[in-house]
Amino acid sequence: MPQGQVPPPEPARTAVDVDVLRTLFLSPGGWIHRRVESVLMSPDGVTRRKVSLDVDLAAHDPWPADAAGRLLVPVTIQAKQPLRNFDAVCEGEPAPVLGTEDNGALAELLLRGLIPEQLPLAEAALLAEQHVPAIVHVPELLVEDALDRFWAHCEHLRAVVHELIALGRLSAEDAENWDGDFALFTTVADQLARGFLLTFALPAELAGRRLVLKYAMDEQYAAGRRPRARDRLRHCWKPWVGRVGLHDLASCRSFHLELTVPAEVRLHEFTVLSAEDDRSGPGPDRAVDRVLAEDRIVQRWPGAVRGHLALRPTSRFDDAFCEMVILPARQGITAFASVAVSLITAVLLLVGVVAAVPDRVLGPGWQVPSAAASIVMSVVAVLLSWINRQPEHDLSVRVMRPLRYALNLEAFVMLMLAGAASVPFTPGAAGAYWALLLLLHALSLVLVVRTWWVRRSVDRGRYTARARRRGP
């Protein structure tokens, strides 16, 4: 540096007060007034989630800031996975969010501020310097291994504190608050190990204002853990029951969720449940008031492609999800499958009648089925196969699977019927051939009738959320 030149000032350190950050995270209802979330399951196979947040930056002064003076606004915890087609907007303008390293540093700061004061200094320092960074910065594929080591160390910490309590080295107040403080720390640690803080970095001049923050991303719909073969067989005979995760449910005062399903299916029931509702227990029903206030609003839209839930959460750490009952829509492939199976049934009946009394229906030289019918049936089979290959959302594929099986079977029946005219069978072979043809057609007919019966049963009140939780 030339003589006489004044060196540039060093950048300011991150101006994040750990107490303010802890308050922001534990009491988001104080500064996030409303959260509106829209989940769109489009027919092209993409699940698009859009979130709008009504944020009041005047709730805290000063607001946490980074080294560049930007305001840090941690709006939610997002799962550790790549953000696909992610967009972030503040007041209609693109807004930056913190990267991986900065998010990790912020999460470390938050967890260090939540370490229980009852721990000895040496144990607290070891937890802050070694175990907290290990779970915060762990890659997605190694999360479970890191959490196993973390929970093993937590058991050691419990033993240390309980020994101090037994020896009388902790005050009665500290001993009384230990379990709650440690449970809070481990809960947040588990969340930040599996996810990261989605934090907006806003210009400093926005301090003290009330803003609308928006972000959107593509997600992969999780269809559940049931084995594939069993899953296919089960949903041929029951309505599809799926789940939509509630990301960071209580990160606001008022939570609104809107779900839009593809047009080829319909949303019959859309309710919110807590994790306790999904566990076996002595009672027939489990309440959801642990997650939702008593003035919750749950709206059902039977026969529609859109459902809406308005919730008022009570706790940030209660695990909840939305459960939906999905049925095939009355139009589209449902109507086509019903008409196709009905027409093919009529064709087979007509062929059977003509074959039984050919002299009274057909002239000399004709056979059943004829070569001309063979060409027509081949065209119909191709049409059935083509309509069964349209791209669509995974949810629609699963819900419409019984009808697709029926159409595939009918396409095969049409090809078999077309082949019956071109292959000279012996009487015994012809009987076996027609028996197989009729068996396949009967199976497709059962699938279509069963789909219709399930839809009617659901419309009449069966398979509701309460009935499913009560069990047989």
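A disulfide is a pair of cysteine sulfur atoms within 2.5 Å. By that criterion, a search of the whole structure, which is a predicted model, finds 0 disulfides.

**Figure 1. Cysteines 90 and 154 in a chain with 0 disulfides.** Cysteine 90 is buried because its relative accessibility is 8%, under the 20% limit for that class. Cysteine 154 is likewise counted as buried, with a relative accessible area of 1%.

**Figure 2. The whole protein chain, with 13 helices and 13 strands.** The chain has 472 residues, and 45% of them count as buried. Among contacts with a separation of 6 or more, 79% are between residues 24 or more positions apart. The accessible surface comes to about 24600 Å². Carbon and sulfur atoms account for 58% of that surface.

**Figure 3. The salt bridge between glutamate 37 and arginine 49.** Side chains of opposite charge can pair when their charged atoms come close. A search of the whole structure finds 15 salt bridges. In the one shown here, the closest N and O atoms of glutamate 37 and arginine 49 are 2.0 Å apart. Glutamate 37 belongs to strand S1 (residues 32-41) and arginine 49 to strand S2 (residues 47-56), so the pair ties together parts that are 12 residues apart in sequence. Are these two residues buried or exposed? Glutamate 37 counts as buried because its relative accessibility is 1%. Arginine 49 is buried as well, with a relative accessible area of 5%.

**Figure 4. A network of salt bridges that includes glutamate 37 and arginine 49.** The network links Arg35, Glu37, Arg49 and Glu219. Within this network, Glu37 lies in strand S1 and Arg49 in strand S2.

**Figure 5. Arginine 194 and its salt bridges with glutamate 144 and aspartate 190.** Toward glutamate 144, the closest N and O atoms are 2.7 Å apart. This pair links distant parts of the chain, 50 residues apart: arginine 194 is in helix H5 (residues 172-194), and glutamate 144 is in helix H4 (residues 143-166). Toward aspartate 190, the closest N and O atoms are 3.2 Å apart. Arginine 194 and aspartate 190 are separated by about one helical turn because they are 4 residues apart in helix H5. Arginine 194 is partly exposed, with a relative accessible area of 38%. Glutamate 144 is also partly exposed, at 44%.

**Figure 6. A nonpolar patch on the surface.** Which residues form the patch? They are Leu445, Val449, Trp452 and Trp453, and together they have about 370 Å² of accessible area. Leucine 445 is part of helix H12, which covers residues 427-459. Leucine 445 counts as partly exposed because its relative accessibility is 34%.

**Figure 7. Residues 432-453, a segment annotated in UniProt.** An unreviewed UniProt entry places the feature "transmembrane region" at residues 333-356, 368-387, 407-426 and 432-453. In the predicted model, residues 432-453 are 100% helix and 0% strand. The C-alpha atoms at the two ends of this segment are 31 Å apart.

Terms used:
Residues numbered from 1 in each chain as written. Predicted model: local features only at pLDDT ≥ 70, side-chain atom pairs only at ≥ 80, totals over all residues. Heavy atoms only, no water. Buried < 20%, exposed > 50% of the residue type's maximum accessible area, 1.4 Å probe, protein only. Contact = heavy atoms within 4.5 Å. Areas by Shrake-Rupley, 256 points an atom, 1.4 Å probe, with all protein chains shown as cover. Patch = residues over 30% accessible without salt bridge, like charges linked within 9 Å, V, L, I, M, F, W, Y side chains within 5 Å. Salt bridge = Lys/Arg side-chain N within 4 Å of Asp/Glu carboxyl O. UniProt positions renumbered as here; feature names shortened; annotations may be inferred.
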